[in-house]
Amino acid sequence: MECVLIALVCMMVGVTAHHLGLTEEAAKIVSKIAECPKCCTFWISLFVLTIKGCDFFVSVAISLFVAYMSFYFGLMLVVLQKLYDWIWEIINR
């Protein structure tokens with residue numbers, strides 16, 4: 001019975017949020033976050049660390065650090081892609 005009550009409350013909150021236009025605004029914000037690898041890394045890390053029970057301030061600090069490190073990880077992926085393309089061109093000559 002508790003699950004049905006929770007589902008009904010979620011339904012009411014969801015419909016009300018949509019009616020007020022909150023879901024569209026939330027989607028715009030999430031879209032902006034998704035466009036940036038550093039932002040995406042920060043928010044995903046913060047969310048997961050918070051859910052796992054880490055101290056909030058430690059989670060923020062770690063999330064900032066890994067967001068910064070994501071820039072270098074992205075550069076590494078670009079370099080590996082260039083290496084792959086170079087090897088592929090050599091093999092297919």
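Accessible areas here come from the Shrake-Rupley method with a 1.4 Å probe, and for residues only the protein chains shown count as cover. This is a predicted model, in which local features need pLDDT of at least 70 and side-chain atom pairs count only at pLDDT 80 or more, while totals for chains, interfaces and linings use all residues. Residues are numbered from 1 along each chain as its sequence is written, and side-chain values use heavy atoms, with hydrogens and water left out.

**Exercise 1. Overall form**

Work out which secondary structure elements the protein has and how its radius of gyration compares with the globule rule.

*Solution.*
Step 1: Begin with the elements. Helices (H or I, at least four residues) and strands (E, at least two) are DSSP runs, numbered from the N terminus. By that rule there are 4 helices and 0 strands, and the order along the sequence reads α-α-α-α.
Step 2: Now take the radius of gyration, computed over C-alpha atoms, and set it against the globule rule, 2.2 Å times the number of residues to the power 0.38. The protein has a radius of gyration of 21 Å, well over the 12 Å that the rule gives for 93 residues, so the protein is more spread out than a compact globule.
Step 3: Add the dimensions: the C-alpha trace spans about 65 × 35 × 25 Å along its principal axes.

**Exercise 2. Surface and burial**

Find what share of the 93 residues is buried, and what share of the exposed area carbon and sulfur atoms supply.

*Solution.*
Step 1: Set the classes: buried means under 20% relative accessible area, exposed over 50%, and partly exposed in between (1.4 Å probe, protein chains only).
Step 2: Buried residues account for 11% of the 93.
Step 3: About 8,000 Å² of the protein is exposed, and 77% of that comes from carbon and sulfur atoms.

**Exercise 3. A nonpolar patch**

Identify the residues that make the nonpolar surface patch, then place two of its members, Leu8 and Val4.

*Solution.*
Step 1: Recall the rule. Patches consist of residues with over 30% relative accessible area and no salt bridge; like charges are joined within 9 Å, and nonpolar side chains (Val, Leu, Ile, Met, Phe, Trp, Tyr) within 5 Å.
Step 2: Met1, Val4, Leu5, Leu8, Val9, Met11, Met12, Val13 and Val15 form a patch of about 920 Å².
Step 3: Leu8 sits in helix H1 (residues 2-20) and is partly exposed at 43% relative accessible area. Val4 also belongs to helix H1, and at 47% it is partly exposed.

**Exercise 4. The salt bridge**

Locate the 1 salt bridge of the structure and describe its partners.

*Solution.*
Step 1: The criterion is a side-chain nitrogen of Lys or Arg within 4 Å of a carboxyl oxygen of Asp or Glu.
Step 2: Glu25 and Lys28 meet it, with 3.2 Å from N to O.
Step 3: Both residues lie in helix H2 (residues 22-35), 3 residues apart, about one turn of the helix.
Step 4: Check exposure: Glu25 is partly exposed at 43%, and Lys28 is partly exposed at 49%.

**Exercise 5. Separations in space**

How many Å separate the C-alpha atoms of Asn92 and Gly14, and those of Cys3 and Ile44?

*Solution.*
Step 1: Asn92 falls in the segment after helix H4 (56-91) and is partly exposed at 46%. Its C-alpha atom is 54 Å from that of Gly14, the two being 78 residues apart along the chain.
Step 2: Cys3 belongs to helix H1 and counts as exposed at 64%. Between Cys3 and Ile44 there are 28 Å, C-alpha to C-alpha, for a sequence separation of 41 residues.
Step 3: For extra practice, take Val30 in helix H2, exposed at 52%. Val30 and Leu77 are 47 residues apart along the chain, with C-alpha atoms separated by 24 Å.
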